[in-house]
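Good morning, and thank you for making time on the agenda. I would like to take you through one protein model, moving from a single residue to the cores and the enclosed spaces. Please keep the display in view as I speak.

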Amino acid sequence: MLSFKNCMSKYLKLNQFLLAIAVLLIVGCSDSNTQEKPASKTPLIKKKASKLIAPGINQQYQLGESINFEVALKDENQLIDSVTLEVQQRKVAYTNSTFTWSPEQPRVGKPRIKLTVYFDGKKETHYPKVLILPEASPAQYTYRVINTFPHDPSAYTQGLFWHEGLLWESTGKEGASTMRKVDLKSGQPTKKIDLDPALFGEGAAILQDKIYQLTWTSQKGFVYDQNLNQTGEFRYPTEGWGITTLEENLIMSDGTHNLYIMEPNGFTEIDRLQVYDHEGEVSDLNELENVNGKIYANVYGKEYIAVIDPATGAVEATIDFEGIWTRDNTNNSLDYVLNGIAYDAEGDRLFVTGKYWSNLFEVELLLRGNQP
């Protein structure tokens with residue numbers, strides 16, 4: 001049996017051991033709380049030694065107007081060696097820090113401008129932001145109906161063009177998309193093919209005896225011969241809305257204010273237009289038609305057509321078609337909007353229709369104020 005003394009001795013040693021553990025725990029916790037946290041990895045923003053004085057941010061200019069540029073170094077004791085300006089894939093070098101740029105091929109919109117300043121063996125880049133608008137507001141036209149023809153009311157018209165005495169029409173909606181030849185007088189297809197039910201047909205155009213048809217969100221298009229036999233496919237990185245010809249190329253819309261100029265063989269983008277009127281960008285560009293070198297564009301959900309200069313992107317005129325199609329509670333949705341432009345160059349005839357419309361109209365354009 002242990003003596004009272006031995007018991008007390010073991011009790012004291014146990015308390016000392018427990019006390020030592022407690023002290024270690026307290027110190028450890030204290031050290032962990034006071035330990036320095038790693039510095040945050042905030043990126044350092046290097047201040048530029050040069051500054052862009054002109055043009056101002058989002059400064060507006062008229063089409064064809066020269067733009068004045070001015071750059072300077074913040075250290076007045078340093079000198080600028082040279083400046084390069086890159087706009088629309090053209091690069092020009094200047095020896096002065098103040099200069100004027102006059103575009104050889106003026107376009108509306110927001111040009112991509114890259115300005116590089118060279119000094120003391122270094123270079124810095126600025127990206128001036130300007131807005132170029134047309135000089136004048138668009139001319140305003142209205143219409144007179146010359147002839148009325150039947151149109152298939154089950155056709156969700158997405159693309160329309162005239163070729164060799166026939167209308168050629170692309171229709172949309174999943175499970176109902178087609179490419180068809182249409183007889184003008186009856187409004188009925190003389191031949192049609194159905195697209196895969198998963199695809200949503202969009203615009204169509206003919207170039208060099210090849211028919212090109214877009215689809216909406218599949219980023220896939222089809223090439224046909226004039227018997228509507230599919231002879232190829234092509235891809236594009238945007239949505240597909242409208243398409244027409246532009247000289248030896250094709251020009252395509254994607255529902256924005258951009259028009260994409262595409263070469264026909266590989267369907268690759270070779271240029272791009274921004275479409276603006278005197279107030280700003282014109283978006284929702286849809287079905288397209290080349291009429292005597294001008295691009296006619298339906299504006300989705302609107303009862304007018306924009307007439308676009310393909311050299312500049314400026315909207316030169318608008319054609320108001322309000323009232324051409326009788327609307328009521330059954331056909332007053334976006335499923336029934338104006339969409340479909342075809343031009344018979346040989347007969348100088350312009351046709352318009354819309355989605356699910358039961359009529360197609362041959363129209364004469366009238367400058368507003370000059371109606372009979």
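Let me begin with a question: which residues does Thr 231 touch, not counting residues up to four places away in sequence? The answer is Val 223, Tyr 224 and Asp 225. Please bear in mind throughout that this is a predicted model.

Thr 231 belongs to strand S18. With a relative accessible area of 53%, Thr 231 is classed as exposed, because the cut-off for that class is over 50%. From C-alpha to C-alpha, Thr 231 lies 8.9 Å from Lys 210, and the two are 21 residues apart in sequence.

Now to the protein as a whole. The chain contains 1 helix and 29 strands. It has 372 residues, and 45% of them count as buried. Among contacts with a separation of 6 or more, 52% are between residues 24 or more positions apart.

I turn next to the nonpolar interior. In soluble globular proteins, nonpolar side chains tend to be buried together. In this model, the largest nonpolar core has 24 residues. Those with the most contacts inside this core are Ile 67, Phe 69, Leu 85, Phe 99, Trp 101 and Leu 115. Two or more residues each are given to the core by strand S3 (67-73), S4, strand S6 (98-101), strand S7 (113-119) and strand S9 (130-133). Apart from this core lies another, of 18 residues, which includes Tyr 143, Phe 321, Ile 324 and Phe 361.

Leu 85 merits a closer view. Leaving out residues up to four places away in sequence, Leu 85 touches Phe 69, Val 92, Tyr 94, Phe 99, Trp 101, Ile 113 and Leu 115, and also Arg 90, Lys 91 and Lys 114.

From the cores I move to the open spaces. What is the volume of the largest pocket? It is about 750 Å³. The pocket is lined by 24 residues, and Gln 88, Gln 89, Arg 107, Asp 271 and Arg 272 lie nearest its centre. The elements giving two or more residues to this lining are strand S4 (82-87), strand S5 (90-94) and strand S22 (269-274). The largest share, 6 residues, comes from S22. Strand S4 therefore appears twice in this account, as a contributor to the largest nonpolar core and to the pocket lining, each time with two or more residues as DSSP assigns the strand. By class, the pocket lining holds 8 nonpolar, 7 polar and 9 charged residues.

There is also an enclosed space. The count comes to 1 cavity of 30 Å³ or more, and the largest cavity holds about 40 Å³. Its lining is formed by Phe 149, Pro 150, His 151, Asp 152, Leu 167, Glu 169, Val 182, Asp 183, Leu 184, Gly 187 and Leu 360. Strand S10 (139-150) and S12 each supply at least two of these residues. The lining divides into 6 nonpolar, 2 polar and 3 charged residues.

Strand S12, residues 166-171, also contains Thr 171. Is Thr 171 buried or exposed? Thr 171 is buried, because its relative accessible area is 1% and the cut-off is under 20%. Its side chain makes a polar contact of 2.6 Å with the side chain of Thr 178. In addition, a polar atom of the Thr 171 side chain lies 3.3 Å from the backbone oxygen of Ala 176. Beyond its neighbours within four places in sequence, Thr 171 is in contact with residues including Ala 155, Tyr 156, Gln 158, Arg 180 and Gly 201.

Finally, some points of backbone geometry. Ala 54 and Pro 55 are joined by a cis peptide bond, with omega about 5°. Pro 55 is placed in the loop between strand S1 (50-54) and strand S2 (59-62).

Two non-glycine residues with positive phi may also be noted. For Leu 228, phi is near 65°; for Glu 247, phi is about 55°. Leu 228 lies in the loop between strand S17 (220-224) and strand S18 (230-235), whereas Glu 247 is in the loop between strand S19 (243-246) and strand S20 (249-253). Leu 228 counts as buried at 4% relative accessibility, while Glu 247 counts as exposed at 74%.

That concludes my presentation.

Definitions and conventions: Residues are numbered from 1 along each chain as its sequence is written. This is a predicted model: local features need pLDDT of at least 70, side-chain atom pairs count only at pLDDT 80 or more; totals for chains, interfaces and linings use all residues. Side-chain values use heavy atoms; hydrogens and water are left out. Helices (H or I, at least four residues) and strands (E, at least two) are DSSP runs, numbered from the N terminus. Buried means under 20% relative accessible area, exposed over 50%, partly exposed in between (1.4 Å probe, protein chains only). A polar contact is a pair of N or O atoms within 3.5 Å; within protein, one must be able to donate a hydrogen and the other to accept it, and residues adjacent in sequence count only if both atoms are side-chain atoms. Contact means heavy atoms within 4.5 Å. On a 1 Å grid over the protein atoms alone, a cavity is a set of points where a 1.4 Å probe fits but cannot get out, and a pocket is an open set with protein on both sides within 12 Å along at least five of seven lines; lining residues have an atom within 4 Å of a point. Grid points are joined across faces, edges and corners, and a volume is the space filled by probe spheres set on the points. Ala, Val, Leu, Ile, Met, Phe, Trp, Tyr, Cys and Pro count as nonpolar, Asp, Glu, Lys and Arg as charged, and the others, Gly among them, as polar. A nonpolar core is a set of buried Ala, Val, Leu, Ile, Met, Phe, Trp, Tyr and Cys residues joined through side-chain atoms within 4.5 Å.
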